[in-house]
Structures are given as structure tokens and as C-alpha cells.
Amino acid sequence: MPRIIEKTDIPPSDQDLQLDKRLDSNLKFFDKVLGIGESYDMIKRQMSFAGHDLCLLYINGFIKDGIIDDVLRLLAQLKREQLAGDTIEKLAGTYLAHTQVEKQNKTNEIITAILSGQTVILVDGFDQALVIDARSYPARTPAEPELERVVRGSRDGFVETLVQNTVLTRRRIRDPRLRMETMKIGKRSKTDVCVAYLQDVADDTLVDEIKARLEKIDVDGLPMAEKSVEEWLTKRNNWNPYPIVRYTERPDVAAMHLLEGHVLIYVDTSPSVMITPTTIFHHVQHAEEFRENPAVGAYVRWVRFLGILASLFLIPLWVLFTLVHREWLPVPLDFLGPDEVGAIPIILQFLLADIGIDMMRMAAIHTPSPLATAMGLIAAVLIGDIAVKVGLFSPESILYLAVAAIGMFATPSYELSMANRLSRMFFILAVAFLDWYGLVAAVALWFILLARTKSVTRPYLWPLLPLNLKALWEIIVRTPMQYKNQRPAIVRPKDKDRQPN
């Protein structure tokens, strides 16, 4: 016969129990669940005010000492008759001088509140607790994001605290219809996740779909914060290297997408905000283009497009026209191609050099700042220059790989640049093994992959597929703001007009 699960078999923190009226019974429960006395930072402070025995439960380091000191000072001045009758109601409604106080009688909700940094007050003789939100998260000062720097523009950026990030967004959108709905994900981490959207602009179906996918996440924790959420949100595309959501650490970029009708996902402990849905063309635009006048912005965008195309196709085409089919090379370009291939085959040179660039990038991340310059000299001189001089690598192959690497770093989205690198390796191998047929087949497969990709039910290649000429023109050319009078059709906004006229 199957064993009957007793209440004692369920972990105490997962039991949805009600508080007991006896303070000592409640304290025994929380001592066991929270490890009070075992964990040094779990604090239990028993006191007596106005003839009532009370106990404060909190985590050391989370609370704002000044607020709690003021609360205790007020409680110390109370007399027994002032708390006669409904003590909990009088404390919550009159005597606890704080803006955020709520009553709670469920043990699991109280445990979550304490672990989230709130202060809980238990009163003997009552089966309700008072939860005071007087927490102070460790947080750094908002600073300009390293990956999204601009020449002219705001210098604030998102940080690792959810409340600060939502405030930075509301500072830019003072609309009462801006909704920020929170939920907790992770059985153990109970990470706060916020879904933000404009109620009268965002598509209800899109909002419901995103919230439904988030609510289905069944995991013990989110140690990698927004990246863990993304993999659950887009699990149908897990092995697709191309980014399905866009990340930003800039509040102005987040606000711009909210106004367009996108849905944003904030994850506590992460400075990156997810923008959904996105297309591949969202990943090739940068805030710098909108901080310049339209002509300069369009030029900057075209240079960036050129760099991205070079990072993808320059090396495969060079291999095809100079090594495989040199007879196809036009006469004016006959100077292209290596005079000496080198000791290592050209294809292997490109693959090894690509891997070497990744190794240098990872080394730069892990190298302390005072040693970064020395590491760069070692990589450029001792490895690159000497490898060419001893004949291991062809100088021309290193040149074109450097151009492709610059194009990769010119890509605004780090995730897109890494996906393009994998695609470039695929194209190079296709040319090496299958001639021009291989390159055509590889590009066709690459395009089919992108065409079949969906970003939360939206086509990834819009406005190219399905074709929308007006939207495609706005991607190719950075049009003036006064002509952007329609929101992007990809998000299916309820309010399509951005400008009254």
C-alpha cells in the first residue's frame, strides 16, 4: 500500500499553515524553519510593550535601523489602554508609523517576507503578524552601462535592485497606465520578477502569453537571474544561437520600447532588462543613433550594418574568390589573395585565430585592470606578430580576420555578435568542404533558421518577413522623430498612433 504522507513529512517552510495565537508556539516554529540560533544573521528580538509580549524577526543587514528604532520608540510610549481591544488593528492602523505595514496570518507568506528583508512583529495572543517593509538592499549607484555607452545622453543605468530599476523607468514614463506586475519565481530563491507594459498600448494577448510562460516556470531558483528566465521563456529556441529577447541596461531604451508597445521583464538582482518581443533588427540598433541628428544617425547605422555584414561574409567570400575560385576574381582585384599560405592551411588559420580572439576576450574579462595592457601586448605582439613572422599564419588572413572581429565588436548586441561568429565559422567550413555550393546552402539554411524563429509568437525577421516596406525603410534609414507617428506593427499595439496628427 502507498505510504500516506503526514504533515510532518512536508518541509515546514512549504506548509501553508496559520499562525498560532500563542507567541511561544510561533517562535518554536520559526526557530526551526529559519534556523534562528544557527544562522548568525537571523535575528529574534523579544520585547514587551503596553502589557503585550512581542517579538521582532528580521535578517541583519536588510533592515533600515533608523526606521525600526523609530517604530520601537513609539511602541515604548504606548499605554495598556491604548492597545485595548483589537490590538493588531490599532497597531497597524494607528501606532506603527510607517508607510508600508500589512497584516499576515500565513506562515509561508511570513517566511517569504522575512527572507525578502522585511521585519515581522509577532504579538502574543493574536494569530496575525505585522509585516513592516523597512528594508534596505545593498546596491550600487546607477552608472552608465559599459556595453551601451553613448557620446551624448543620460549616464544612469539599471542596477541590481528591482525597486530602483522600476523607479528609473517611471521617472521617464509618468503615465498612470504603466503597469508593473510582480510575481515570485523559484521555490527556494523566490526571486521577484516584474512584468512592465502600458495598459492601453500593449497587446493583451502578448501580455497574457508572457505572464503564462513565467508562471509555468517550475524550478528551485534563478541563480543566473534574467538569463535563467530567458531560457525558460524561450525554451522552444534553446539551441538557436540567435537572441530571442533583447537586453538593455539603459532606462531610456527601456522606456522607448515600452512606449512602442513592448513588454519588459525585470528580474531582481540583475541590471539587465529583457525586451519582448524583438526581431533581429532590434539587435542592430543603438541609442547613439537617436542621440545624433537623422543624417548622422543614418550614417552611423549604415557603418554598423557594414561592420555586421563584414563579420559574417567577408572571410567566406575571400576564401571562395581567392583560394577556391581565383578565376572568378575581377582583374582590378587581382592583388587579393596570399602570396604565401603559411605552414597552417588557411581554413584552419581562420578557425584557430577565431578561437584565439575568444580566448583573448575571456582573458581580458578575467585579467585585473592594471594587467590588462600587458595582456594586450602579449596577445598582439608575442602571439600575433610572431606567428606571422615565423610563417604559421598568412598576414592577409590575419588582416581580414581583424576586420571581421571589428565588425563583430561594432554589433550593439553582444548576444547577436556571438551568434554571428558561430554563423561565420559555419560559412567558412561550408566553403572549405563544399565549394560555392556549400556557401549557398549554408546561407540558405541560415536564412531559413532565422525565418522560422519566433520571438514570443512574433516573426523574427519582421519587417523583412512578412514584408512591411514602411517599417523596413525606418530600419534602413534613421527617420526624424516627427515622422514616427505609428507604433511598430510587430507588437500589435492597441493604440497604433504615437502622435495625435
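Two strands pair if DSSP finds at least two bridges between them. Keep that one in your head, and add that strands (E, at least two residues) and helices (H or I, at least four) are DSSP runs, numbered from the N terminus.

Okay, ground rules. This is a predicted model, where local features need pLDDT of at least 70 and side-chain atom pairs count only at pLDDT 80 or more, while totals for chains, interfaces and linings use all residues. Residues are numbered from 1 along each chain as its sequence is written, and side-chain values use heavy atoms, with hydrogens and water left out.

Let's start with the sheet. It is an open one, 5 strands in the order 1-2-4-5-3, with antiparallel pairing. Which strands stand at the edges? Those are strand 1 (42–49) and strand 3 (101–104); each has a single partner strand, so one side of each has no neighbour in the sheet. On average, neighbouring strands here are turned by 25° against each other, direction ignored. For the angles, axes are lines fitted to C-alpha atoms, for helices over the stretch in contact, and angles run from 0 to 180 degrees between N-to-C directions.

Zoom in on strand 4 (residues 119–123) and strand 5 (residues 129–132): they are antiparallel, paired over 4 bridges. One of those partners in strand 5 is Ile132, bridged to Thr119.

Two helices lie across this sheet. Helix 2 (residues 65–76) lies across strand 1, strand 2 (52–59), strand 4 and strand 5, at about 20° to strand 1. Helix 4 (residues 107–115) lies across strand 1, strand 2, strand 3, strand 4 and strand 5, and runs at about 55° to strand 2.

Now, further along the chain, to strand 10 (residues 273–276). Val273 and Ile275 point one way, Met274 and Thr276 point the other way, and all are buried; buried means under 20% relative accessible area, exposed over 50%, and partly exposed in between, with a 1.4 Å probe and protein chains only. As background, side chains in a regular strand alternate between the two faces of the sheet.

Strand 10 has antiparallel bridging to strand 8 (residues 246–248), 3 bridges' worth, with Arg246 partnered by Ile275. Strand 9 (residues 263–267) also pairs with strand 10 in the antiparallel sense, over 3 bridges, and there Val263 has Thr276 as its bridge partner. The hairpin of strand 9 and strand 10 has 5 residues between the strands, and in it Thr269 takes a positive phi near 80°.

Packed against this region is helix 7 (residues 226–233), whose buried residues are Glu226, Ser228, Val229, Glu230 and Leu233. What do they pack against? The answer is helix 6 (204–215), strand 8, strand 9 and strand 10, with contact meaning heavy atoms within 4.5 Å.

On to the cores. A nonpolar core is a set of buried Ala, Val, Leu, Ile, Met, Phe, Trp, Tyr and Cys residues joined through side-chain atoms within 4.5 Å. The largest one has 40 residues, and those with the most contacts inside it are Tyr242, Ile280, Ile315, Val319, Phe350 and Leu450. Helix 10 (294–324), helix 11 (346–366), helix 13 (395–409) and helix 14 (414–452) are the elements giving two or more residues, and helix 14 gives the most, 11 residues. Apart from that core lies another, of 23 residues, among them Tyr197, Leu222, Val229 and Leu233.

Ile315 is worth clicking on. Leaving out residues up to four places away in sequence, Ile315 touches Phe350, Tyr400, Leu401, Ala404, Arg424 and Ile428. Ile315 also sits in the meeting of helix 10 with helix 11, where Ile315, Trp318, Val319 and Leu323 meet Ile346, Ile347 and Phe350. These two helices pack at about 165°, axes 11 Å apart, so helix 10 and helix 11 are roughly antiparallel (over 145 degrees; under 35 is roughly parallel, 65 to 115 roughly perpendicular, the rest oblique).

Last, the backbone oddities. Most residues other than glycine have a negative phi, and most peptide bonds are trans. Asp435, in helix 14, has a phi near 60° and is partly exposed at 23% relative accessible area. Thr457, in the loop between strand 11 (454–455) and strand 12, has a phi of about 70°.

Where are the cis bonds? One joins Trp462 and Pro463, omega about 10°, and another runs from Leu465 to Pro466, omega near -10°. Pro463 is in the loop between strand 12 (458–459) and helix 15 (469–476), and Pro466 is found in the loop between strand 12 and helix 15 too.
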